[in-house]
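Here is a set of short exercises to work through with the model open beside you. Try each task before you read its solution.

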Amino acid sequence: MSSDTAVGTEDPLVRSGVRRAGRRLIPLLILLYFVNYLDRVNIGFAGPNGMNEELGLSATLFGVAAGVFFIGYLLLEVPSNLMLHRFGARRWIARILVTWGIIATLMAFTPNATVLIVLRFLLGVAEAGFFPGIILYLTYWFPAAQRARMTAWFMTAIPISTALGAVVSSLIIEHGDGLFGLTGWRVMFLFEGIPAILLAFVVWFALTDRPAVASWMPQAERDALERALAAEGREVSEAGPRSVLGALRSPRVLALSWVYFGVVYGLYALGFFLPTIIKSFSAQYGTHFTTVQQGLINAIPYVVGLVVMIVWTRRSTNPTVRVAVPALIGGLAIPVALYLANPWLAMVAVTICACGVLAALPGFWSLPTAYLTGAAAAAGIALINSLGNLSGFVAPYVTGALSDATGNNKLGLWVVGICMVSAAVVTWLLRRTRRRAPAG
């Protein structure tokens, strides 16, 4: 890092500005991502708790319904992020919240599998740009030295929403059955879709686009933070592509897309199918758990993963190690779960896999943001997120199809392990590539 950037991040005014911005912005971003991620994966709780039976979904068709969300994501991620870069995070994220909240709520009234699949596709279209938009937004506020830590705090919403969401969703399904004349899983979609619409108004009035317009921050801190971010942006622009087209055709961006695909493959395979796997323990091991107990068991890997995510991000400073090591451990752990003699040992292996996924994710986003800035960052981050999130379609579809074909989840979880290990290998190979700006 150049001396001016290093000095900038050591400036007491920059440090105090970062602390003030973190206290103001990160809790709201965590809440937004909590609701976002829960609305994305709560179909995993609905499936084995009445939805699959009521709508006549096989494991393969359930995988299609769960994964088609990400096709819409893929189509609109890049243009959505460019719109955020142009119009500002406050306006664009508020728009995203309203549209996704309406569609998530409508899922409570789906009459058949076809409508469910259409609504899941539209939910992906509506949500496109939210997550990469937040990653881009963090580059507007936090220098690289602090960004990985802020990204980790933001991404605590994943294990929190999965752990707490598992319990809340299970309670709604069990105790909301019959409310408004709806079955429990429909009530869950209704109750978990409305908060996104309400939060759009909070974002409109509370989110600030950049430090320069932050009236709640002292002028000296605003100026110091803008100077540090501008100096860092100049350095990054010398190392990476300078244009949208340059970012989209960059081999490094495409390689990072595969890394993200492999890590997120594990995240969504667990997110969509862990409730089903836990429910299958009764046949596999002779156990019996109530719906709420299943939700509590589902939460265990994510509670442990939350702690590991925070500790690992604070302890590890090497970007390659921060991603490759947990991805490798998680990828090796998940197939082990297939050959253990009781459900509790199986959950230990699943928990290790979840820890690997969650520890790798915050560190991953320090890799592209150290290489991309400006409009190139908007396009590159969105492309990485959209291509990586194709795993959100592939993982549930492949896992469901292999489950239908073989009668169990073993082969599907082997694929999870292979994808995560390959992500670790590519991350390690990328450390040898020398960053240079293409002609674009």
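**Exercise 1: A threonine and its partners**

Task: find which residues T105 touches, not counting residues up to four places away in sequence.

Solution. Step one: with those places left out, T105 touches F189, L190, G193, I194 and I197, where contact means heavy atoms within 4.5 Å. Step two: T105 itself lies in helix α7 (residues 89-106); helices (H or I, at least four residues) and strands (E, at least two) are DSSP runs, numbered from the N terminus. Step three: T105 is buried, with a relative accessible area of 13%. Buried means under 20% relative accessible area, exposed over 50%, and partly exposed in between (1.4 Å probe, protein chains only).

Before you go on, note that this is a predicted model, where local features need pLDDT of at least 70 and side-chain atom pairs count only at pLDDT 80 or more, while totals for chains, interfaces and linings use all residues. Residues are numbered from 1 along each chain as its sequence is written, and side-chain values use heavy atoms, with hydrogens and water left out.

**Exercise 2: The whole chain**

Task: describe the chain by its helices and strands, its buried share and its contacts.

Solution. Start with the elements: there are 23 helices and zero strands. Next comes burial: 59% of the 440 residues are buried. Finally, take the contacts between residues at least 6 apart in sequence; 84% of them join residues at least 24 apart. For one pair that is distant in sequence, look at V41 and Y268: they are 227 residues apart in sequence, yet their C-alpha atoms are 8.1 Å apart in space. V41 is in helix α2 and is buried, at 3% relative accessible area.

**Exercise 3: The largest nonpolar core**

Task: which members of the largest nonpolar core touch the most other members?

Solution. A nonpolar core is a set of buried Ala, Val, Leu, Ile, Met, Phe, Trp, Tyr and Cys residues joined through side-chain atoms within 4.5 Å. The largest one has 129 residues, and M51, I93, W100 and W141 touch the most other members. Helix α2 (residues 12-41) gives the most to this core, with 15 residues. Now zoom in on M51: leaving aside neighbours within four places in sequence, its contacts include L57, F62, L116, W185 and F189.

**Exercise 4: One face of a helix**

Task: where do the buried residues of α8 fall, seen down its axis?

Solution. First, list them: A113, L116, L119, R120, L123, G124, A126 and E127. They fall within an arc of 160°, so they line one face of the helix; the arc is that of the directions from the helix axis to the C-beta atoms. As background, an α-helix has 3.6 residues a turn, so residues three or four places apart point the same way.

**Exercise 5: Cysteines without a bond**

Task: why does C355 not form a bond with C353?

Solution. A disulfide is a pair of cysteine sulfur atoms within 2.5 Å. The closest cysteine sulfur to that of C355 is in C353, 9.2 Å away, which is too far for a bond. C355 is also buried, at 11% relative accessibility. A search of the whole structure finds zero disulfides.

**Exercise 6: A positive phi**

Task: where is F180 placed, and is F180 buried or exposed?

Solution. F180 is in the loop between α11 (157-175) and α12 (184-206). F180 is exposed, with a relative accessible area of 59%. Its phi is near 60°, a positive value in a residue other than glycine.
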